[in-house]
Amino acid sequence: MLKAMVHKSFPNNSFFNRFDHIISGVPYDTTEVEKRALRDVLEQFSPQSVHLVYEPLAAAIGMGLDVQEPNGKCIVDMGGGITEIAIVSLSGVVTHESLRVAGDTFTEDIQEYIRRQYNLAIGFHMAESAKINVGSALHELTDVPDDFMVLGKNTITGIPTAKQITYTEIAQVLDRSIIKIEEAITRVLEASPPELASDIYENGIYLTGGGSLLRGMKDRLQRKFDLIIHQDLEPLLSVSKGLGKILGASQKHKALLMV
Ligand SMILES: Nc1ncnc2c1ncn2[C@@H]1O[C@H](COP(=O)(O)OP(=O)(O)OP(=O)(O)O)[C@@H](O)[C@H]1O
Ligand SMILES: [Mg+2]
């Protein structure tokens, strides 16, 4: 799969034109066995070097933050499969938690709700469209999105059916998963060393990852934690932008590279 994707991105990279250096992000709680397996996969491109970098650090750099300074920063990367919460300082991760609740969980919650509530089976992509169009982390929005028509199949009759859904019902559906994420953020803040607490109070929380694009997420977290929430403008790209910067200045970011 990786080979096919690399070929798509770099169609002109032939056998004679190899990749010199490969850098890849990994979640912070990746095991040694998983790292080894990833390295093995990346070795197929015969690079001179393969380096792995923890994604919360890469995401922070992608957001333009200086992770080398002692000043602690709280990063929340709400991705597709996992949400990673990390406090970073001095090029390292000080406190961390990750949970398997993120953007795709929101999609699955919607899919499950539509099936249960309306006896309507919808595909993952339809549920994702519903999330993007009327998904909300807040029960009351000032900028109200238009209702969204989901198309699927009645689970009893088998007949294709449509149903109009509103953002308020989706907000209720997503509450449980968002609360799990909020609880994890609370635990990380609680576990962070007191000397970094003032940094976090001043810096607030840096929010990234595609899952954070959910309508109202920033405002919800702002209200919940009473901290400034910096929302990344390109949350789908923070890790890859960070990796690009690290690769471009590998000497400067040596401390981040796992060999
Ligand atoms: N406009 C949007 N509104 C809500 N969610 C969105 C939007 N655009 C993308 N997403 C969600 O973002 C998620 C993907 O985010 P991202 O690319 O950061 O994840 P990933 O890095 O691939 O996954 P992980 O970090 O878990 O390994 C998906 O769940 C997708 O549905
Ligand atoms: Mg990610």
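Strands β3 and β4 (residues 83-89) pair in the antiparallel sense, with 6 bridges between them. This pairing belongs to a predicted model of a protein chain with 9 helices and 10 strands. Of the 259 residues of the chain, 36% count as buried. The notes below begin with β3 and its partners, then turn to a second sheet, the core, the ligand shell, one helix and two loop residues.

**Strand β3 and its partners**

- Strand β3 covers residues 73-78, and 6 of its 6 residues are buried.
- Which residues of β3 are buried on each side? Lys73, Ile75 and Asp77 are buried on one side, and Cys74, Val76 and Met78 are buried on the other.
- In a regular strand the side chains alternate between the two faces of the sheet. Both faces of β3 are covered.
- The connection from β3 to β4 is a hairpin of 4 residues.
- Within the pairing with β4, Met78 has Thr83 as its bridge partner.
- β3 also pairs with strand β9 (residues 205-208), where the two run parallel and are joined by 4 bridges.
- On the β9 side, Asp77 has Thr208 as its bridge partner.

**The sheet of β6, β7 and β8**

- Three strands form an open sheet in the order β6-β7-β8, and their pairing is antiparallel.
- Which strands are at the edges? They are β6 and β8 (160-165), each of which pairs on one side only.
- There are 6 bridges between β7 and β8, which pair in the antiparallel sense.
- Phe148 has Ile165 in β8 as its bridge partner.
- Met149 is placed in strand β7, which covers residues 148-154.
- Is Met149 buried or partly exposed? Met149 is partly exposed, because 13 other C-beta atoms lie within 10 Å, while a buried residue needs 20 or more.
- Apart from its neighbours within four places in sequence, Met149 is in contact with Ala162 and Gln164.
- Met149 is 61 residues from Gly210 in sequence, and their C-alpha atoms are 23 Å apart in space.

**The nonpolar core**

- The largest nonpolar core has 56 residues, and those touching the most other members are Val53, Leu57, Ala58, Ala60 and Ile170.
- Which helix supplies the largest share of this core? Helix α6 (residues 167-191) does, with 9 residues.
- When residues up to four places away in sequence are left out, Ile170 touches Ile110, Ala130, Val134, Gly135, Ser136 and Ile165.
- Ile165, one of the residues that Ile170 touches, is also the bridge partner of Phe148.

**The shell around ligand 1**

- There are 18 residues around ligand 1, and those that come nearest are Gly79, Gly80, Gly103, Gly210 and Leu213.
- How many residues of each class does the shell have? The shell has 6 nonpolar, 9 polar and 3 charged residues.
- Helices α4 and α5 (124-134) each supply at least two residues of this shell.
- Gly210 appears twice in this briefing: Gly210 is one of the residues that come nearest to ligand 1, and its C-alpha lies 23 Å from that of Met149.

**Helix α2**

- Helix α2 runs over residues 32-43 and has 12 residues.
- From its first C-alpha to its last, α2 reaches 16 Å, close to the 16 Å expected at 1.5 Å a residue.
- The helix is hardly covered, and the count of buried residues in α2 is 0.

**Two loop residues with positive phi**

- Most residues other than glycine have a negative phi.
- Asn119 is not a glycine, yet its phi is positive, at about 50°. Asn119 is placed in the loop between α4 (103-118) and β6 (120-121).
- Asn119 is partly exposed, because 15 other C-beta atoms lie within 10 Å.
- Asp226 is not a glycine either, and its phi is positive, at about 55°. Asp226 is placed in the loop between α8 (217-225) and β10 (229-231).
- Why does Asp226 count as exposed? Asp226 has 9 C-beta neighbours inside 10 Å, and a residue is exposed if there are 12 or fewer.

**The chain overall**

- Taken along the principal axes, the C-alpha atoms of the chain fill a box of roughly 60 × 50 × 30 Å.
- Among contacts between residues at least 6 apart in sequence, 66% join residues at least 24 apart.

How values were computed: Residues are numbered from 1 along each chain as its sequence is written. Chains are lettered from A and ligands numbered from 1 in the order in which they are written. This is a predicted model: local features need pLDDT of at least 70, side-chain atom pairs count only at pLDDT 80 or more; totals for chains, interfaces and linings use all residues. The expected span of a helix is 1.5 Å times one less than its number of residues. A nonpolar core is a set of buried Ala, Val, Leu, Ile, Met, Phe, Trp, Tyr and Cys residues joined through C-beta atoms within 7 Å. Two residues are in contact if their C-beta atoms, placed from the backbone, lie within 7 Å. A residue is near a molecule or strand if its C-beta atom, placed from the backbone, lies within 6 Å of it. Ala, Val, Leu, Ile, Met, Phe, Trp, Tyr, Cys and Pro count as nonpolar, Asp, Glu, Lys and Arg as charged, and the others, Gly among them, as polar. Two strands pair if DSSP finds at least two bridges between them.
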